[in-house]
Amino acid sequence: MKYSYVGKEISRIDACEKVTGTALYTADMKLQGMLYTRLLKSPHAHARILKIDTSEAEKLPGVRAILTGEEIPHQFGIYMTDKYMLAREKVRHVGEPVVAVAADTEEIAEQAVELIKVEYEELPAVFDPCEALKTDAPLVHENLHEYLHAPFVFPKPHTNIANHFKLRKGDVERGFKGADVIVENEFNQPMVQNVQMETHASIGQWLPSGQINVWSSAQSPFAVRHLLSVGLGVPIHKINVQVPYVGGGFGGKAGLHWEPLVVLLSKKAGGRPVKLVMTREEEFNTAAVRQGMHARIKTGVKRDGKIVAGEIEYIWDSGAYADYGVNIGRAAGYSCSGPYEIPNVKCDSLTVYTNHPYGTAYRGFGHVEFHWAIERQMDLVARAIGMDPVEFRLKNAALPGCITVTGEKLREDCGRVDECIKAVAKELRWGKKKPERKGTKVRGIGIAALWKAPAMPPYTSSSAIVKLNEDGTATLSISLIEMGQGTATAFAQMVAEGLQIPVEKVKVVSRQETDYAPYSWQTVASRGAFMDGNAVLRAIEDARGQIKETAAELLGVSKDKLTLADGKVLAEGRPEKGLPLGTIATCGILPSGSGIKGPILGYGYYTAEGLTGLDPETGQGLPALMWTFGAQGAEVEVDTETGEVRVLKVVTALDLGKALNPLLVRGQIYGGVVQGLGTTFSEEFIFNEKGVLLNNNLTDYKIFRAPDIPDEFVPILIENPKHNAPYGARGIGEHPTISIGPAVANAIYDATGVDLYDLPMSREKVWLELKRAEGRK
């Protein structure tokens, strides 16, 4: 079908505010009587708190409230309630907050923190998740058996295992017995930081009336409201959460973060608003980070290239807390095979406590990490049997009609990973382009495939409201958080399409407030375009129906004979019989002057369809609202003398069903690829033997910068529409990050015959090795 606005390259509707600096973020806000917070943080990875002396800090002029963990008995968590806002009895990682101070200025609060004295008794710590699994390992949470958790989370009491997800499909032992070749490997992914441009920021006010008001840089205002209600024991109608513009999230602002702390400080300060803005160093040491992972993969394959068995173990370093990390381990478990059909699979995905900073969601929700292992393994297995890596992937690709590891039969409209693989291979001239060598520099190409479904409970929902205004413009209210992905613009295009008005006449409310906004679960998991998009479509249809009912009565024609075009409602075949939309926005006016009907206010909702819980012993069930398939490829140039790697070209093919706005899709691909390359080459947390993070700033922690960006990007948008998606569109926000790492690593091997981490040292790797040596020293 041809559309007027959907599928067009329309610039972002929020661009002007952001580039001119007029967009309001939480850190910009200043309320009457506001206080400012600083934190005293633990210098130890694991230690018992013996004594806290705040007496000198309390005497400092300008200090209005001091809180310690003993004053905050509440535990918080979205899937596992294992976290206190301030450490109680003991600290579990370096940088964990122990005392919070609210004062008239940040400087006074910082001075007060320096006056506080804490006595600790150091305890044995554990930093390796594999070591943490041992029976004699120090326990990070002795009371794990007492914690509340989601029904799909399976902790192991009196161990460090926060969640053990099991998946069993077919007969693995029999599968391996029938294999001609068995290949076993282990892979690692380090902890990294989300590095949002905007650090975490929260303002809380607990008024004497009992009303709680929160302003936050959160991805999930309704989740914040719910978790505050549960944790503090306050009714939901007494809590209002507002989210202005958000300067990036990448999963790091999903769920609940520091909102309870500023609310409780406000209560102690007599109801004055309290603000906390994390420093960049605190983002590394104190806020949530991406989990680390160790993977063990055993693959059984026939000589003809057909995989017959897979045994997989993912061991996740959740750090000191696992309130979000347990669901990452679960999502990796039910997607464990990657986009391939394997008849016999055994997977154990374990989320493990250590004394590192605690883990949370990161763009891809665990898929970046485990795809590194799966897609490196695919190349290694292909080489072991002498088969071309592209041919090997295509032979095992999960296509319509195939059975996933959880027992789901893929439908005809599920998407086509084979088309993505072939498109990338064609662009890279796979099979036609030989490795090139010029002096010490050699070039190679590599490929990796991907899949991902939204990781969420099977009962999540979204809603939307479309309001027609008196001048024929429209206002869309949603609770999806716009934090750079461009969804608000795509939704404006959908409203314009549905009401047949220009996009410039559509406003999408950018500041969410739970007292007034329609409900949406969370802005996570690449679910927004699909779930909130369906809610928007239904709201548009509801508004269209109301418009036609009012117009039908005014024009004296059947509503089935009415259409919307050029900002009017028209009678078919009788263009003179039409009404501007604005004239019926609030009600219809009869010739007598009487009013009929009422304001046009369309409401729509969407609840996830066809999902089930998963069997706790086998992982069988239906966890996927939709699958988005893709493939990525890279051409690299490696200096074999120095180890320097230059990424010359990146190809990303995604089967997104429908590109609602190709311009924004390409932007997502560019950003996602660069972010994924950073975690491939240079981003890594480096600790010393005491658990102290050595590179907790953007000088020592190397994200990709302008000179590192690949010379050429080739985005390929494949459109096999999904039947129950808005205009057929699937979510793709996280996917460009997922498999670029293994694609590059496979290209490096193609060029050099050396694995990525066995190369001679580049400047970045020399620096990383020096930091590791410093940590050991």
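Leaving aside neighbours within four places in sequence, which residues is Asn-469 in contact with? Select Asn-469 together with Ala-474, Thr-475, Gly-582 and Ala-585, since these four are the residues in contact with Asn-469 once those neighbours are set aside; contact here means heavy atoms within 4.5 Å. Asn-469 is found in the loop between strand 22 (461-468) and strand 23 (474-477), where helices (H or I, at least four residues) and strands (E, at least two) are DSSP runs numbered from the N terminus. With a relative accessible area of 14%, Asn-469 is buried, a word that stands for under 20% relative accessible area, while exposed stands for over 50% and partly exposed for values in between (1.4 Å probe, protein chains only).

Before going on, note that this is a predicted model, in which local features need pLDDT of at least 70 and side-chain atom pairs count only at pLDDT 80 or more, whereas totals for chains, interfaces and linings use all residues. Residues are numbered from 1 along each chain as its sequence is written, and side-chain values use heavy atoms, with hydrogens and water left out.

**The whole chain**

Now display the full protein chain, which has 17 helices and 34 strands. Its radius of gyration is 27 Å, close to the 28 Å that the globule rule gives for 777 residues, so the chain is as compact as a globular protein of that length; the radius is taken over C-alpha atoms, and the rule is 2.2 Å times the number of residues to the power 0.38. Along its principal axes the C-alpha trace spans about 90 × 75 × 50 Å. Of the 777 residues, 64% count as buried, and among contacts with a separation of 6 or more, 80% are made by residues 24 or more positions apart.

**Helix 11**

Next, select residues 389-396, which form helix 11, and colour its buried residues Pro-389, Val-390, Phe-392, Arg-393 and Asn-396. They cover an arc of only 160° around the axis, which puts them on the same side of helix 11; the arc is that of the directions from the helix axis to the C-beta atoms. To see what these buried residues pack against, add strand 16 (292-301), strand 17 (307-319), helix 10 (367-384), helix 12 (417-427), strand 21 (441-452) and helix 16 (740-752).

**Gln-668 and Gly-731**

Move to helix 15 (residues 662-681), where Gln-668 is found. Gln-668 is buried, with a relative accessible area of 13%, and, not counting residues up to four places away in sequence, it touches Arg-363, Gly-484, Gln-485, Ile-732, Gly-733 and Pro-736. The C-alpha atoms of Gln-668 and His-735 are separated by 9.0 Å, although the two residues are 67 apart along the chain.

From there, select Gly-731, which is found in the loop between strand 34 (712-718) and helix 16. Gly-731 is buried, with a relative accessible area of 4%, and is in contact with Ser-526, Met-626 and Thr-628 when its neighbours within four places in sequence are left aside.

**Two positive phi angles**

Finally, visit Ala-525, which is not a glycine but has a positive phi of about 70°. Ala-525 lies in the loop between strand 25 (512-513) and helix 14 (528-555), and is buried, with a relative accessible area of 10%. Phe-250, in the loop between strand 13 (239-243) and helix 7 (259-268), has a phi near 50°, a positive value in a residue other than glycine. Phe-250 is partly exposed, with a relative accessible area of 30%.
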